[in-house]
Amino acid sequence: MRLFRDPSTAALHLPWVEQVRARLAELDLLPLLALLPPDGFVPDFITPPPRSPLDRIEDELERVRATPPRQVAKELDIFAGQHGNRLPAAAVPLRRNPRREVPRLADTMADYWKRAVEPFWPRLLALLSTDLRHRATQLTQGGPAVLFRALHAAVTYDGEWLHIDQPWQGTVELSGRGLLLVPTAFSWQRPAVIALEPWQPTLLYPARGVALLWESPRAAAPGLASLMGSTRAQILTALDAPQSTTELADRLGVTAGGISQHLSVLAAAALVAREREGRVVLYARTPLGDALVGA
């Protein structure tokens, strides 16, 4: 939502902004926007750390609705402290009556999700899932030093402390709680942290490949189309990152049923593999598929 306030910060996401803007005209987003300054602290109760990579949006919104009023007041007071101890007018009802206003806020978030994010979720999920697999491989093969060295230029690791270069000053002792890493597609410029009690300490970082998120699929090589047919060649070429059947159908202008049939043939030939991520099945090229496209 911050991107709509200042589109100059949304360079990588302008194709998405242009598609979505008209869908939001009927929503009263002011109470949410009041909690999203261009920079600085955002109350953590509107972005609670996920409990699982497979959390559904419904689960996360229920966590927002269940935020204790005392936690809402605590975070809003911190938020006000950044702005001369004054809350924006649209946020004052939330501070006065959180039991009534937090569910309303969550309902607005649900409406926003349906209009602005859900239609593009398969594409976003593919990007985030690919990033998680990459980070897990780094951690397994090289340990935390390799993982954090490549996470972001603002993040450094000295073997004992993780240093994050940002305006907020503070020290967070994990005390055995662990650190949750969450890739993000929209906050692509720098990392952010969630550090207040009782939330799980969390580092949000820009996912790899965000710059390619809204690009049209590249054309298949003529030789590949001659070998397997134009549509299958387009599908195989488009799978630079994992995607769902619906996402491929939307991007290539082919029916979902047709895409599914072609994917079955490509899977039988060991050129693509499938994996379920929650309620979505994602397809990705295998090393054999990569070699074929690369050749």
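This section describes a sheet, a helix packed on it, a set of salt bridges and a nonpolar surface patch. The model is predicted.

The sheet is open and has 3 strands. Their order is 3-5-4, and the pairing is mixed. Strand 3 and strand 4 (192–194) occupy the edges. Each has a single partner strand, so one side of each lacks a neighbour in the sheet. From one strand to the next, the twist averages 25°. Strands of a sheet pair through backbone hydrogen bonds, in either a parallel or an antiparallel sense. For strand 3 (180–184) and strand 5 (residues 202–206), the sense is parallel, and the pairing runs over 5 bridges. Within this part of the sheet, Leu 181 stands opposite Leu 203 of strand 5.

Helix 8 spans residues 121–149. Helix 8 lies across strand 3 and strand 5 and runs at about 135° to strand 3. Gln 138 is one of the residues in helix 8. The relative accessibility of Gln 138 is 12%, so this residue counts as buried, the cut-off being under 20%. With neighbours within four places in sequence left aside, Gln 138 is in contact with Gly 143, Val 146, Leu 147 and Ala 150.

Helix 8 also takes part in a salt bridge through Arg 133. The side chain of Arg 133 meets that of Glu 275 at 3.3 Å, N to O. Glu 275 belongs to strand 7 (residues 272–277), so the pair ties together parts that are 142 residues apart in sequence. Both side chains belong to partly exposed residues. Glu 275 has a relative accessible area of 41%, and Arg 133 has one of 29%.

The count of salt bridges comes to 12. Another of them joins the side chains of Arg 95 and Asp 77, at 3.0 Å from N to O. Here the partners sit in two helices: Arg 95 in helix 6 (residues 92–96) and Asp 77 in helix 5 (residues 69–81). The pair therefore ties together parts that are 18 residues apart in sequence. Arg 95 is partly exposed, with a relative accessible area of 31%. Asp 77 is partly exposed as well, at 40%.

A further salt bridge links the side chains of Asp 290 and Arg 285, with an N to O distance of 2.7 Å. The two partners fall into separate accessibility classes. Asp 290 is partly exposed, with a relative accessible area of 39%. Arg 285 counts as buried, at 15% relative accessibility. Elsewhere, Glu 62, Arg 65 and Asp 107 are joined into one network by salt bridges that share partners.

The surface also carries a nonpolar patch of about 310 Å². Trp 168, Val 172, Leu 174 and Leu 179 make up this patch. Val 172 lies in a loop, between strand 2 (162–164) and strand 3 (180–184). The relative accessibility of Val 172 is 30%, and the residue counts as partly exposed. The loop that holds Val 172 thus adjoins strand 3, which is an edge strand of the sheet.

Technical notes. Residues are numbered from 1 along each chain as its sequence is written. This is a predicted model: local features need pLDDT of at least 70, side-chain atom pairs count only at pLDDT 80 or more; totals for chains, interfaces and linings use all residues. Side-chain values use heavy atoms; hydrogens and water are left out. Patches are made of residues with over 30% relative accessible area and no salt bridge: like charges are joined within 9 Å, nonpolar side chains (Val, Leu, Ile, Met, Phe, Trp, Tyr) within 5 Å. Accessible areas come from the Shrake-Rupley method with a 1.4 Å probe; for residues, only the protein chains shown count as cover. A salt bridge is a side-chain nitrogen of Lys or Arg within 4 Å of a carboxyl oxygen of Asp or Glu. Helices (H or I, at least four residues) and strands (E, at least two) are DSSP runs, numbered from the N terminus. Buried means under 20% relative accessible area, exposed over 50%, partly exposed in between (1.4 Å probe, protein chains only). Two strands pair if DSSP finds at least two bridges between them. Axes are lines fitted to C-alpha atoms, for helices over the stretch in contact, and angles run from 0 to 180 degrees between N-to-C directions. Contact means heavy atoms within 4.5 Å.
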